[in-house]
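Visitor: Please take a close look at the enclosed cavities in this model. What lines them?

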Amino acid sequence: MKFAKLLLLFSINLFSFAATNANADALADIQKRGVLRIAVPQDFAPFGSVTSDLKLQGLDIDVATLIAKNMGLKLELVPVTSANRIAYLQTHKADLAISTLGKNAEREKVIAFSQPYSPYNNSVFGPANIKVTGPADLAGKVVGVARGTFQDIQLTETAPSSATIKRYEDNNGMISAYLSGQVQLVGTGDFVAVALAEKMPSNKPQMKYVIQESGCYVGLLKDEPALMAKVNTALTQAKKSNELTAIVQKWLNVPLPEKMAKQFE
């Protein structure tokens, strides 16, 4: 009888603990901690890269700084790759992901997204002597992508079966593969291709076709309305003050698109 009572008490306590965790408020936890942990890229200039003195810099780092400052919190930058940025949210290693995240239906099943903060088009690039104007022309070609990116997903869906898609754990691996001739083409962001062109000025990669016009969003766990509201308020204020436009102009040499500048959520 005592065992049965103990088992019942344990079950009640376990249920109470689970219920408390299920109703946990991420924003309240962050404010109590006083630190906002944001996952950012470290190998994806100009959005995020490491300087010679081992400091992170880039558009995503500036946006992370802006949001933490607006929320009155200390910022902790958490370096991630394209392949693990969502996993870092799911395993609570980061509170937000500001890491060139594009929004699509599959990702929306897993995490939530803020309003957009930066433009980001995905395209196929390659040398001038390779003619490619659309997915069909990838037949027989070798294309490099960073694993888990939009480019990976979309080229997997649209490229002919005879195309070889090589996936790399991060963008440095993909760029190295292109520079060394392991892949003929790359699927990547337009601004990343600009950085790639700087590495090989004598044979700059040319844009072949746009895979998708996109934007960058802050990622966070689903069902966290208070945290989402804080993030969107910070972005809205930065758009209205033109602070966000200045950050985009600084790193991408283009203004924040008018449609995106007026998109508030």
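Guide: What follows covers the cavities, then one helix pair. The model is predicted. The count comes to 2 cavities of 30 Å³ or more.

Start with the largest cavity. Its volume is about 80 Å³. The lining has 13 residues. Arg85, Thr100, Tyr120, Asn122 and Gln151 are the ones nearest the centre. Two elements, strand 6 (96-101) and helix 6 (150-158), each give at least two residues to this lining. By class, the lining of the largest cavity holds 7 polar, 4 nonpolar and 2 charged residues.

Now the second largest cavity. It holds about 30 Å³ of space. Its lining includes Pro41, Asp43, Phe44, Val80 and Thr81. Ser82, Arg85, Ser99, Thr100 and Asn171 line it too. Strand 2 (43-44) and strand 6 each contribute at least two of the lining residues. The classes here are 5 polar, 3 nonpolar and 2 charged.

Arg85 and Thr100 appear in both linings.

Asn171, in the lining of the second largest cavity, leads on to a helix pair. Helix 7 spans residues 171-179, and helix 8 spans residues 190-199. They pack at an angle of about 45 degrees, with axes 11 Å apart. The two helices are therefore oblique to each other. Helix 7 passes helix 8 in a right-handed crossing. On helix 7, the contact uses Ile175, Tyr178 and Leu179. On helix 8, Val192, Leu196 and Lys199 make the contact. By class, this contact has 5 nonpolar residues, 1 charged and no polar.

Definitions and conventions. Residues are numbered from 1 along each chain as its sequence is written. This is a predicted model: local features need pLDDT of at least 70, side-chain atom pairs count only at pLDDT 80 or more; totals for chains, interfaces and linings use all residues. Side-chain values use heavy atoms; hydrogens and water are left out. On a 1 Å grid over the protein atoms alone, a cavity is a set of points where a 1.4 Å probe fits but cannot get out, and a pocket is an open set with protein on both sides within 12 Å along at least five of seven lines; lining residues have an atom within 4 Å of a point. Grid points are joined across faces, edges and corners, and a volume is the space filled by probe spheres set on the points. Helices (H or I, at least four residues) and strands (E, at least two) are DSSP runs, numbered from the N terminus. Ala, Val, Leu, Ile, Met, Phe, Trp, Tyr, Cys and Pro count as nonpolar, Asp, Glu, Lys and Arg as charged, and the others, Gly among them, as polar. Axes are lines fitted to C-alpha atoms, for helices over the stretch in contact, and angles run from 0 to 180 degrees between N-to-C directions. Angles under 35 degrees count as roughly parallel, over 145 as roughly antiparallel, 65 to 115 as roughly perpendicular and the rest as oblique. A crossing is left-handed if the near helix is turned anticlockwise from the far one by less than a right angle, and right-handed if clockwise. Contact means heavy atoms within 4.5 Å.
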